[in-house]
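Colleague: Before I rely on any label attached to this structure, I would like to hear how each one follows from its value. Could we go through them in turn?

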Amino acid sequence: MELRALIFDLDGVITDTAEYHYRSWQRLADEEGMRFSREINERLRGVSRRASLQIMLDENGRAATEEQVTEWMERKNNYYVASLDEITPADLLPGAVAFIQELRAAGVKTALGSASRNAQSVIDRLAVAHLLDVIADGFSVERPKPEPDLFLWAADKLGVAPANCAVVEDAAAGIDAALAAGMWAVGLGPQERVGHAHVRFDSLEGVTLAAVLAGLENAAWTVAEAVFDPANQLHKETIFTVGNGAFCARGSLEEGYPGDMPACFVHRVWDDMPINFTELANLPRWTGVDVWIDGERLRLDRGQVSAYRRQLDLRSGVLSRSFHWQPGEDGPVVALHFERCTSLADPHTALVRTQVQVLQGAAEVRLRTGVDDHVENTGLLHWRRIDQSQSEDVVWLHERTRATDHDLVVAAAVTAAADAPVTAAFSDADGQPAVERRARLAAGQSLTLDKFVAIVPDLDADDPVAAAQSKAQAAAAAGYAALCAANDAAWTSVWQDMDVVIEGDIEAQLAMRFNIFQLVIAAPRWTERASIGAKTLSGFGYRHHVFWDTEIFILPMFAYAQPELARNMLMYRYHNLPGARQKAAGNGYEGAQFPWESAADGTEVTPTWVTHFADPTKLVRIWTGDIEIHITADVAYGVMQYWHVTGDDAWMRDHGAEIVLDGASFFASAAQLEEDGRYHYRNVIGPDEYHDRIDDNTFTNAMAKWHLETALEVLAWLERQHPDKHGQLAAALDLSPERLAHWLQVIDAMAILQDPETGLIEQFAGYFDLEDVDIAVLRDPGRTKSMQALLDIEGCAETQNLKQPDVLMLQYLLPNRFTAEQVRVNYDYYDPRTDHEHGSSLGPSISAIMACRVGDAEGAYQHFMRAARADLRDVRHNASDGIHAASAGGLWQAAVLGFGGLQLHDDGSWTMQSQLPHHWTRLAFKFYARGQLQTVDIRP
Ligand code: BGC
Ligand code: BGC
């Protein structure tokens with residue numbers, strides 16, 4: 001991070017003219033017979049003169065004419081200006097000058113960014129004008145904070161890019177303005193007021209450049225929440241999901257909150273459900289901690305909450321939350337701190353720390369925690385209790401899934417430390433074994449409860465009860481610090497390979513790391529029998545089913561940066577070949593047809609009927625599981641991509657080849673030869689699902705053709721390099737010469753709807769005859785629904801609106817098959833017809849890459865940020881269902897393969913054709929090419 005300038009607000013930062021303002025308002029109030037006080041004055045901080053007057057009027061239940069308002073504002077200002085004569089350097093706030101001097105000595109530029117029209121005279125009276133390179137004041141720009149204009153003006157005058165500026169502010173509106181300007185925000189004051197800044201100090205006293213830099217560096221790795229808002233708690237639960245590649249837990253509050261949706265899912269523990277066939281069973285809850293202070297049960301909507309902050313540290317995967325709580329008006333005040341960590345160093349271990357410190361008064365503190373099987377999957381129950389056990393130190397639950405008979409044990413061991421004697425107890429309610437710790441604490445004293453959780457499915461142990469119990473106890477013996485250290489070390493090594501550094505764009509940097517993090521925690525680290533679902537393990541959306549999202553959108557990042565995880569995900573497909581063969585046979589085809597939605601064993605689990613999104617009395621037939629056949633080519637594409645990047649020949653020989661070859665058999669047998677002498681796939685769905693049951697989807701046909709060609713190449717490679725394996729597979733998969741000859745015919749005569757003159761591709765037969773899009777509606781910035789929701793399913797299908805790019809996706813995947821001109825023609829046609837805003841979340845990252853390829857820099861960045869914000873800003877209002885995994889993986893591709901322009905060639909060498917967004921000053925990342933770590937650092 002490069003910090004080149006700091007912009008200081010005046011009032012409350014460099015000096016405190018609040019007192020002068022206060023006296024001026026008070027005098028006006030007295031003269032006009034209005035009530036005013038220091039409390040009311042506190043609310044005027046950072047507020048414009050007019051708005052301040054309004055607050056005062058409202059307080060007094062008074063109305064005023066515009067004339068009066070103008071006159072009163074003027075009068076107050078005159079009093080204020082007159083009082084400024086009294087300002088002297090003694091009014092400088094402690095620490096301000098020393099800090100500014102340190103900055104200047106370090107070569108950092110400084111500016112004033114104050115909304116006041118009197119700023120210059122105040123600065124002069126304070127005798128600090130010589131310490132500021134630029135003065136931005138009430139005359140500089142029109143729009144006040146929270147608009148970013150003033151700070152952008154100052155940055156421009158300083159000649160420093162916004163992302164290299166930090167703003168020092170004491171007002172909430174000023175922090176908002178800094179964030180809107182794309183600058184770093186340094187807040188001065190309480191958490192309530194400036195908690196949304198990147199870093200916060202009480203005042204500038206003692207603040208150093210090093211402290212600010214450390215705070216900002218921290219912020220570039222931290223997703224933070226400054227206010228708990230029940231209205232978006234489900235969204236926040238999703239983005240605060242933590243996990244370790246074996247299981248993930250949503251970020252629900254330890255003490256619970258009405259309407260919350262706590263959940264934890266472990267890979268492979270599927271159970272049956274109606275409609276969607278199967279889903280991962282929500283585990284018995286281990287994240288809960290009940291807290292009583294003097295008998296009052298903690299909840300965020302009760303008592304007084306202050307100094308609230310929740311944060312996810314992406315470097316270590318630790319989720320924490322701190323706040324002060326006062327249960328009753330005259331009661332004690334306590335500081336609470338919760339921490340949750342799923343160990344990346346161990347597939348079965350998680351930690352929960354709870355700390356209570358009494359700040360004021362004395363309090364009886366009672367903490368209760370355990371495991372709880374009163375859980376549901378949005379109303380469905382998956383567990384039968386087998387047994388439970390409790391003691392003062394360890395509790396466990398032994399459960400079995402209702403339909404699939406998976407046994408699972410969740411155990412928890414607890415240790416406590418306090419500054420006062422602690423009483424231990426346990427409770428044995430059915431399905432909720434728990435331990436309890438109580439202490440009577442005086443002011444300053446604290447109680448810490450550490451919980452060591454072990455989650456052991458029978459898939460991992462013969463005796464999961466014994467295993468979970470001993471694991472939890474061993475963890476408790478090792479201690480919280482040791483386990484955290486092991487987790488930290490595991491994360492450090494992940495980030496060493498996987499970090500993508502973006503400089504010049506604060507929001508993009510954090511979003512990049514957040515999205516990588518969410519995929520790493522969901523990626524199967526300890527099994528090759530699981531993969532990443534469309535919503536990861538962070539919610540109930542799509543019931544954890546695995547789609548093409550995995551191979552096309554997510555896998556590339558892992559293939560380049562953590563190839564072992566990519567291999568696990570592909571092995572999942574390999575192990576599921578029997579399911580795919582069953583599907584092909586069931587449809588009367590040969591070979592292996594992968595399911596559109598895949599779960600435990602690779603049989604098709606796409607629902608066939610679901611309720612209509614707008615009218616719950618209607619059912620909608622879902623055709624994807626029947627006819628979205630491109631998934632089989634997508635899986636093969638993933639295999640080839642992994643092989644290309646890693647050069648893992650042994651894996652290709654033993655596993656990858658079989659996936660590719662048997663998938664090819666499917667495509668050859670499913671292609672229909674018709675009277676025109678061409679092969680067709682009729683009645684299919686392409687990536688753009690606004691149009692279903694269509695013929696000759698070019699994406700599908702071209703990918704099938706690519707798949708068949710690729711299979712022949714793989715076969716030739718096997719024959720050359722591994723003749724034994726070649727013979728074996730040819731026999732097992734019945735790859736007779738006749739069959740291969742048929743493949744060649746299909747390849748040669750595949751119907752591809754591309755205009756030979758212009759290069760324009762028709763997405764499917766008849767697409768160009770559809771009604772064109774209504775650009776005014778499609779590009780209306782106020783639109784909040786998808787085009788399908790607006791026009792209804794049939795209505796939308798009759799238009800050229802696209803849910804996601806379909807032709808462009810094909811051109812992305814097979815770049816060598818299209819000229820630059822062909823890409824441009826199709827981009828110009830299809831990009832404007834795509835529902836980028838509310839169509840599929842898969843679209844934007846790919847659109848960003850294609851925009852790069854045609855040199856549409858502005859479009860590329862817009863698309864990129866749409867993907868970057870998908871979950872952090874909940875742009876589609878459905879992040880509560882879980883992380884948009886494909887968007888997350890696509891974001892990595894857009895950065896590295898799009899802006900970075902990385903190309904890995906067949907001989908293993910690589911080149912970059914980078915074109916960074918104009919304000920990015922650096923893009924750096926690492927990847928493995930054929931097993932060798934490569935480092936890229938682009939500074940335009
Ligand atoms: C998209 C599919 C995607 C699925 C799961 C759908 O809305 O159209 O392309 O595979 O979501 O993310
Ligand atoms: C998606 C399909 C999916 C279906 C059922 C739709 O919203 O677009 O890809 O198969 O839901 O889960």
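**Ligand shells, rings and strands**

Modeller: Let me begin with the shell around ligand 1, whose residues divide into 6 nonpolar, 2 polar and 3 charged. Please keep in mind that this is a predicted model.

Colleague: Which residues around ligand 1 are being sorted in this way?

Modeller: The residues around ligand 1 are Ala534, Tyr542, Phe547, Trp548, Asp549, Trp596, Glu689, Lys803, Gln804, Ser840 and Leu842. Asp, Glu and Lys count as charged, so Asp549, Glu689 and Lys803 fall into that class.

Colleague: What makes Asp549 a polar contact of ligand 1, with an oxygen atom of the ligand 2.5 Å from an N or O atom in its side chain?

Modeller: The cut-off for a pair of N or O atoms is 3.5 Å, and the 2.5 Å of Asp549 lies within it, so the pair counts as a polar contact. The same reasoning covers Lys803, where an N or O atom of the side chain is 2.8 Å from an oxygen atom of ligand 1, and Tyr542, which has a polar side-chain atom 3.2 Å from an oxygen atom of that ligand. Of the 310 Å² of accessible area that ligand 1 has on its own, the protein covers 91%.

Colleague: How do you know that Glu689 makes a polar contact with ligand 2?

Modeller: An N or O atom in the side chain of Glu689 is 2.2 Å from an oxygen atom of ligand 2, and since the limit is 3.5 Å, the pair qualifies. Thr624 also has a side-chain N or O atom 2.8 Å from an oxygen atom of ligand 2, while for Lys803 the corresponding distance is 3.1 Å. The protein covers 79% of the 310 Å² that ligand 2 has as accessible area on its own, and by class its shell has 5 nonpolar, 2 polar and 3 charged residues.

Colleague: Why is the pair of Tyr560 and Phe927 called edge-to-face?

Modeller: The structure holds 33 aromatic pairs. In the pair of Tyr560 and Phe927 the ring centres are 5.7 Å apart, which is within the 6.5 Å needed for pairing, and the planes stand at 80°, which is over 60, so the pair is edge-to-face. The pair links distant parts of the chain, because Tyr560 belongs to helix α15 (residues 548-561) and Phe927 to strand β33 (residues 922-929), 367 residues apart.

Colleague: And what makes Tyr560 and Phe927 count as buried?

Modeller: Buried means under 20% relative accessible area; Tyr560 has 4% and Phe927 has 0%, so both meet that condition.

Colleague: Why is strand β21 described as largely enclosed by the rest of the structure?

Modeller: In strand β21 (residues 394-401), 7 of the 8 residues are buried, so the strand is largely enclosed.

Colleague: How do you know that β21 pairs with strand β20 and with strand β22?

Modeller: Two strands pair if at least two bridges are found between them. Strand β20 (residues 383-390) and β21 have 7 bridges in the antiparallel sense, with Trp396 as the bridge partner of Ser389, and 3 residues form the hairpin connection between these strands. β21 and β22 (residues 407-418) also pair in the antiparallel sense over 7 bridges, Val394 standing opposite Ala413. The hairpin of β21 and β22 has 5 residues between the strands, and there Asp405 takes a positive phi near 60°.

Methods. Residues are numbered from 1 along each chain as its sequence is written. Chains are lettered from A and ligands numbered from 1 in the order in which they are written. This is a predicted model: local features need pLDDT of at least 70, side-chain atom pairs count only at pLDDT 80 or more; totals for chains, interfaces and linings use all residues. Side-chain values use heavy atoms; hydrogens and water are left out. Buried means under 20% relative accessible area, exposed over 50%, partly exposed in between (1.4 Å probe, protein chains only). Helices (H or I, at least four residues) and strands (E, at least two) are DSSP runs, numbered from the N terminus. A residue is near a molecule or strand if one of its heavy atoms lies within 4 Å of it. A polar contact is a pair of N or O atoms within 3.5 Å; within protein, one must be able to donate a hydrogen and the other to accept it, and residues adjacent in sequence count only if both atoms are side-chain atoms. Accessible areas come from the Shrake-Rupley method with a 1.4 Å probe; for residues, only the protein chains shown count as cover. Rings of Phe, Tyr and Trp (its six-membered ring) pair if their centres lie within 6.5 Å; planes under 30 degrees apart count as stacked, over 60 as edge-to-face and the rest as tilted.
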